[in-house]
Amino acid sequence: MYDFPQDLRDAQLALHQTQSEFQQYAKTLPWSAEPMAGWEGDKQLHSGFRSCKPDSPGYTEEQRQQVAAYRARLLELSTQVVTHSFWETLKGDDLFAARMQLKHARDKTEGEAAA
């Protein structure tokens with residue numbers, strides 16, 4: 001078990017939360033950022049399935065700004081986590097193991113709190 005600094009744990013948690021929020025937001029967006037005509041694909045072999053997409057109106061200016069804000073925040077948090085000075089204290093397999101453990105540090109604290 002690694003003793004992660006609180007600011008690193010907080011940044012990792014914020015990164016997870018922001019990524020989750022962005023994924024949920026992205027599901028509400030049109031399939032194309034730019035206006036684009038819909039299409040229908042060919043019938044699939046051994047199936048009646050035809051892939052298709054409706055016309056896309058493209059993103060509104062507000063949607064573009066929101067996507068840009070999410071991406072900027074994700075870049076900021078990713079950089080904060082990856083370049084944290086804590087990583088300089090580890091090498092080799094320990095560094096890899098610690099990075100993987102940090103991604104699940106919140107899972108462990110929630111599990112311990114529930115016990």
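## A quick tour of a predicted helical core

Ala98 is buried, with a relative accessible area of 0%. It's a handy place to start looking around this predicted model, and you'll find Ala98 in helix H3. From there we can move on to the aromatic residues, the nonpolar core and the helices. The protein chain averages a pLDDT of 92, and 92% of the residues score at least 70.

**How far to trust it**

- Confidence in the protein chain peaks in helix H2 (residues 61-82), with a mean of 98.
- Helix H4 (residues 105-114) sits at the other end, with the lowest mean, 60.
- Where pLDDT is low, don't read the predicted coordinates in detail.

**Around Ala98**

- Which residues does Ala98 touch, once you skip its neighbours within four places in sequence? Ala98 is in contact with Tyr2, Phe4, Trp87 and Leu90.
- Take Tyr2: Ala98 and Tyr2 are 96 residues apart in sequence, yet their C-alpha atoms are 6.6 Å apart in space.

**The aromatic residues**

- Searching the whole structure turns up six aromatic pairs.
- One of them joins Phe4 and Phe86 edge-to-face, with 5.4 Å from centre to centre and 65° between the planes.
- That pair links distant parts of the chain: Phe4 belongs to the segment before H1, Phe86 to the loop between H2 and H3, and the two are 82 residues apart.
- Buried or exposed, what are Phe4 and Phe86? Both Phe4 and Phe86 are buried.
- Tyr2, Phe4, Phe86 and Trp87 come together as one aromatic cluster.
- Trp87 has plenty of other company: setting aside neighbours within four places in sequence, its contacts include Leu8, Val81, Val82, Leu95, Arg99 and Leu102.
- Asp3 also lies in the segment before H1, but Asp3 counts as exposed because its relative accessibility is 70%, over the 50% cut-off.
- The C-alpha atoms of Asp3 and Phe86 are 9.6 Å apart, although 83 residues separate the two along the chain.

**The nonpolar core**

- The largest nonpolar core has 18 residues.
- Phe4, Leu8, Val81, Phe86, Trp87 and Leu102 have the most contacts inside this core.
- Helix H1 (6-26), H2 and helix H3 (92-103) each supply at least two residues of the core.

**Helix H1**

- How many residues does H1 have, and what span should they give? H1 has 21 residues, which at 1.5 Å a residue should span 30 Å, and its end C-alpha atoms are indeed 30 Å apart.
- The buried residues of H1 are Leu8, Ala11, Gln12, Ala14, Leu15, Thr18 and Phe22.
- These residues cover an arc of only 160° around the axis, so they sit on the same side of H1.
- That buried set packs against H2 and H3.

**Helix H2**

- H2 has 22 residues and runs 31 Å from its first C-alpha to its last, close to the 32 Å expected at 1.5 Å a residue.
- Gln63, Val67, Tyr70, Leu74, Leu77 and Val81 are buried in H2.
- Looking down the axis of H2, you'd see its buried residues within an arc of 100°, so they line one face of the helix.
- If you're wondering why that works, an α-helix has 3.6 residues a turn, so residues three or four places apart point the same way.
- The buried residues of H2 pack against H1 and H3.
- Exposed residues Glu61 and Leu75 are on the face of H2 turned away from its buried side.

**Helix H3**

- With 12 residues, H3 reaches 18 Å from first C-alpha to last, close to the 16 Å expected at 1.5 Å a residue.
- Besides Ala98, the buried residues in H3 include Gln101 and Leu102.
- The buried residues of H3 fall within an arc of 100° when seen down the axis, so they line one face of the helix.
- What does the face of H3 turned away from its buried side carry? That face has the exposed residues Gly92, Asp93 and Phe96.

**A loop residue to spot**

- His46 is found in the loop between strand S1 (39-43) and strand S2 (50-53).
- Phi of His46 is near 60°, a positive value in a residue other than glycine.
- His46 counts as exposed because its relative accessibility is 77%, and exposed means over 50%.

Terms used
Residues numbered from 1 in each chain as written. Predicted model: local features only at pLDDT ≥ 70, side-chain atom pairs only at ≥ 80, totals over all residues. Heavy atoms only, no water. pLDDT = per-residue confidence, 0-100. Helix = DSSP H or I, 4+ residues; strand = E, 2+ residues; numbered from the N terminus. Core = buried A, V, L, I, M, F, W, Y, C linked by side-chain atoms within 4.5 Å. Buried < 20%, exposed > 50% of the residue type's maximum accessible area, 1.4 Å probe, protein only. Contact = heavy atoms within 4.5 Å. Expected span 1.5 Å × (residues − 1). Arc of directions from axis to C-beta. Phe/Tyr/Trp six-rings, centres within 6.5 Å; stacked < 30°, edge-to-face > 60°.
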